[in-house]
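Please walk through the model shown here, starting with its cysteines and going on to its rings, one of its helices and its cores.

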Amino acid sequence: GIAEECPVEDQLEAALQGAMAGSSSRSWAQRILQLLGRMNSFHMQGSSKALCKPFVVAGTEVGVVQPRMFPLLGRYPKVFRVNDGAGGRVEVSSQLHSYQQRSDAIEQILGEWRLEKLFDSLSKWRNEKYEVMSRFSDPPLLKMERSAIGLFGVKSYGVHVNGFVRHGDGEMSMWVGRRTESKETYPGRLDNLVAGGLSAGLGVKETLIKECEEEACIPKSIARTAKPAGTISYTYEDEWGVFPECQFIYDLEIPADFVPEVGDGEVQEFYLWPLEKVKEAIAESEFKPNCAMVVLDFLIRRGILHADNERCYHQFVEGLHREL
């Protein structure tokens with residue numbers, strides 16, 4: 001069963017401290033808490049959070065900049081104003097008045113850094129732009145190369161689809177994909193049925209329908225029946241930067257007689273698994289971490305996990321919704 005005692009400390013950080021034992025000897029709930037701890041590592045002890053400065057564009061805070069960036073950004077006074085003192089910030093110059101001017105100036109600098117091989121992240125250049133704004137509802141202030149957003153701690157958005165099948169006996173199964181070995185990130189790991197980042201100029205449902213068609217050959221007639229089911233938010237930090245992310249979640253009931261097919265080569269295979277098997281899998285390292293969080297959210301919303309059968313329920317919910 002999954003009704004087990006949580007660590008006494010009501011914090012995700014407590015779960016991280018218990019990482020010494022092998023995964024098999026830790027409970028399912030402890031492993032989920034560790035996952036949530038890793039995906040919220042920017043908020044944890046030992047992160048660079050206290051040393052970071054706000055990244056400000058047109059008077060609006062849109063990200064966070066790590067201390068390692070301050071001297072480098074100071075080399076471009078026409079583009080960045082760096083005040084690294086107490087209460088300081090990194091600001092895009094007010095001389096750059098428009099969306100396009102800001103985007104072009106930063107793109108040029110990122111291109112130089114890429115040629116100079118200053119950051120590993122830029123070696124994974126995607127030629128895909130993400131909009132930069134404070135909140136999703138705000139007008140974008142500039143667009144930035146996807147592989148560079150962690151350098152400025154800019155929030156990125158994506159859409160993830162839980163594809164599920166209802167059986168006649170009332171049981172439920174879920175479609176999961178296995179990422180190709182050639183993927184830049186998390187090659188060969190398990191994934192949601194469909195997922196993709198929100199590129200500049202594309203809407204959420206528009207992205208969902210496009211990704212369904214491209215990744216899993218799901219026709220529009222099925223894809224457009226996906227139901228919006230909220231968001232998850234988290235911020236992690238790694239050697240590439242700070243990553244505040246928000247994923248728009250959709251639930252898509254797949255007809256029992258429909259089988260997704262490999263499309264654009266993002267995924268190598270699809271599996272239809274009983275929900276209990278998927279639940280066990282998300283606690284293992286085989287699942288891409290944010291996709292595991294999307295499944296966890298599904299299990300909570302569908303009432304499969306609740307406060308009476310999972311003592312860590314409250315921490316799970318908290319760990320799925322942590323804003324920068």
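A residue counts as buried when its relative accessible area is under 20%, and as exposed when that area is over 50%. The model is predicted. By the first of these limits C212 is buried, because its relative accessibility is 0%. C246 is buried as well, since its relative accessibility is 7%.

Neither of these cysteines is bonded to another one. A disulfide needs two cysteine sulfur atoms within 2.5 Å, and the count for this model is zero. For C212, the nearest cysteine sulfur belongs to C217 and is 11 Å away. For C246, the nearest cysteine sulfur is that of C291, at 14 Å.

C212 belongs to helix 5, which covers residues 204–216. How does the span of this helix compare with the 18 Å expected at 1.5 Å a residue? The end C-alpha atoms of its 13 residues are 17 Å apart, which agrees with that value. The buried residues of helix 5 are V204, T207, L208, I209, E211, C212, E215 and A216. An α-helix has 3.6 residues a turn, so residues three or four places apart point the same way. That spacing can be followed through the buried set, which includes V204, L208, C212 and A216. The set also holds two glutamates, E211 and E215. Among the elements that cover these buried residues are strand 7 (156–166), strand 10 (194–197) and helix 6 (220–223). Strand 12 (241–253) and strand 13 (267–274) are also part of the cover. After helix 5 comes C217, with a positive phi near 55 degrees.

Positive phi values turn up in loops too. A58 has a phi near 50 degrees, positive although the residue is not glycine, and it lies in the loop between strand 1 (53–57) and strand 2 (60–65). Y186 also has a positive phi near 50 degrees; its place is the loop between strand 8 (172–179) and strand 9 (190–192). Y186 is partly exposed, because its relative accessible area is 32%.

The aromatic rings come next. How many aromatic pairs does a search of the whole structure find? There are 13 aromatic pairs. One of them joins W28 and F316, edge-to-face, with 5.9 Å between the centres and 80 degrees between the planes. This pair links distant parts of the chain: W28 is in helix 2 (residues 28–39) and F316 in helix 9 (residues 313–319), 288 residues apart. Both W28 and F316 are buried. Y234 and Y236 make a stacked pair, because their planes are at 15 degrees and their centres 6.5 Å apart. Y234 is buried with a relative accessible area of 1%, and Y236 counts as buried at 16%. Elsewhere, F55, Y76, F80, W113, F119 and F152 form one aromatic cluster.

Charged side chains also meet rings. The charged end of K279 sits over the ring of W28, at 4.3 Å from the ring centre. R302 lies over the face of F164, 4.7 Å from the centre of that ring.

Ahead of helix 2, in the loop that follows helix 1 (12–17), lies S27. S27 is buried, because its relative accessible area is 18%. The C-alpha atoms of S27 and A283 are 9.2 Å apart in space, while the two residues are 256 apart in sequence.

W28 returns in the largest nonpolar core. Which of the 39 residues in this core touch the most other members? They are W28, I282, F287, L296 and F316. Two or more residues come from each of helix 2, strand 8, strand 11 (227–238), strand 12, strand 13, helix 7 (275–281) and helix 8 (289–301). Helix 8 gives the most, with nine residues. The surroundings of F287 can be listed, leaving aside its neighbours within four places in sequence: it is in contact with V176, R189, L190, D191, V278, A281, I282, A292 and V295. I282 is thus named both as a contact of F287 and among the core members that touch the most others. There is also a second, separate core, which has 32 residues, including V132, A148, I149 and V154.

Notes
Residues numbered from 1 in each chain as written. Predicted model: local features only at pLDDT ≥ 70, side-chain atom pairs only at ≥ 80, totals over all residues. Heavy atoms only, no water. Buried < 20%, exposed > 50% of the residue type's maximum accessible area, 1.4 Å probe, protein only. Phe/Tyr/Trp six-rings, centres within 6.5 Å; stacked < 30°, edge-to-face > 60°. Helix = DSSP H or I, 4+ residues; strand = E, 2+ residues; numbered from the N terminus. Lys NZ or Arg CZ within 6 Å of the ring centre and 35° of its normal. Expected span 1.5 Å × (residues − 1). Contact = heavy atoms within 4.5 Å. Core = buried A, V, L, I, M, F, W, Y, C linked by side-chain atoms within 4.5 Å.
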